Structure formats: C-alpha cells, structure tokens
Amino acid sequence: MKIDNSGKPLASVTARPLEGRTAAKTEQAAEKNSVSINPLAAQLSNAAGVGKSDSPFDSKKVEQIRQAIAEGRFTIKPEAIADGLISSVKSLLARP
C-alpha cells in the first residue's frame, strides 16, 4: 500500500445552504435528527450504578499528582503498574 504524501489539501466540507427551506421542512429535519431515550434505559443505568454520586474520580488527588509532576517529584513505580495490569487481566480471564 502506497501512502500519498503529495501535500494536496483535502476537499473542504461545506454546509448546505438553508435557502429555500420552509419552516415545515426545517421542523421535519429537526424531528428527524432528534433523539429520545427509552425509559428502560434510565432504569438500566440506575441498576448498573451509573450516575451515583460516589465517583471514582478524585479531583483533589488529580491536582496533587499534577502538582507533583510539575515540580518533578512524581515517581513512577513500574512494578506496581505491572502488578495492576496482571491482576486486571486475571480478573477479566476469570469472567464466564
């Protein structure tokens, strides 16, 4: 496979003009592009725990790590990373 690197610019994408569209056509297009959520989806997300307030994201810890990186005192522990990866792979392989 040969990659073309001729430097030619890609064709630009332009929006179609709205000229000649009536309000009814615009409303039909909006209805066609709208999304509705099935009420069962909300029940499933609640059952799965999605949206719980106890998020695993800790903004204070992220800020501490960011500061440590900026100051050059953040250390990486390859053994801990490897152990974590092996553990997660084992748990994934153990699933039925």
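Trainee: Which helices each supply at least two residues of the nonpolar patch?

Mentor: Helices α3 and α4 do, in this predicted model. The patch consists of Ile65, Ile69, Phe74, Ile76, Ile81 and Leu85, and together these residues offer about 590 Å² of accessible area.

Trainee: What makes Ile69 count as exposed?

Mentor: Ile69, which lies in helix α3, has a relative accessibility of 52%. The cut-off for exposed is over 50%, so Ile69 at 52% passes it. A patch residue needs over 30%, and Ile69 at 52% satisfies that too.

Trainee: How many salt bridges does the structure hold?

Mentor: Two. One pairs the side chains of Arg66 and Glu63, and the other pairs those of Glu71 and Arg73.

Trainee: Why is the contact of Arg66 and Glu63 called a salt bridge?

Mentor: The N to O distance is 3.4 Å. A salt bridge asks for an Arg or Lys side-chain nitrogen within 4 Å of an Asp or Glu carboxyl oxygen, so the Arg66 and Glu63 pair qualifies. Both residues lie in helix α3, three residues apart, about one turn of the helix. As a general point, an α-helix has 3.6 residues a turn, so residues three or four places apart point the same way.

Trainee: What about Glu71 and Arg73?

Mentor: Their side chains meet at 2.4 Å, N to O, and because the limit is 4 Å, this pair is a salt bridge as well.

Trainee: Why is Arg66 called exposed, but Glu63 partly exposed?

Mentor: Arg66 has 51% relative accessibility, and exposed means over 50%, so Arg66 is exposed. Glu63 stands at 40%; partly exposed runs between 20% and 50%, so that is the class of Glu63.

Trainee: Which classes do Glu71 and Arg73 fall into?

Mentor: Glu71, with 45%, is partly exposed, while Arg73, with 52%, is exposed.

Trainee: How do you know that the span of helix α3 is close to the expected one?

Mentor: Helix α3 covers residues 59–71, which makes 13 residues. From its first C-alpha to its last it reaches 18 Å, and the expected value at 1.5 Å a residue is 18 Å.

Trainee: What caps the N-terminal end of α3?

Mentor: Asp58 does, with a side-chain oxygen 3.2 Å from the backbone nitrogen of Lys60. A polar contact needs N or O atoms within 3.5 Å, so 3.2 Å fits. Just after α3, Gly72 takes a positive phi of about 80 degrees.

Trainee: How many helices and strands does the protein have?

Mentor: Four helices and zero strands, in the order α-α-α-α along the sequence. Of its 96 residues, 1% count as buried.

Trainee: Where is confidence lowest, and where highest?

Mentor: Helix α1 (residues 23–32) is lowest, with a mean of 68, and helix α4 (residues 78–94) is highest, at 95. The average pLDDT of the protein is 77, and 59% of the residues score at least 70.

How values were computed. Residues numbered from 1 in each chain as written. Heavy atoms only, no water. pLDDT = per-residue confidence, 0-100. Expected span 1.5 Å × (residues − 1). Polar contact = N/O pair within 3.5 Å; in protein donor to acceptor, adjacent residues only side chain to side chain. Buried < 20%, exposed > 50% of the residue type's maximum accessible area, 1.4 Å probe, protein only. Patch = residues over 30% accessible without salt bridge, like charges linked within 9 Å, V, L, I, M, F, W, Y side chains within 5 Å. Areas by Shrake-Rupley, 256 points an atom, 1.4 Å probe, with all protein chains shown as cover.
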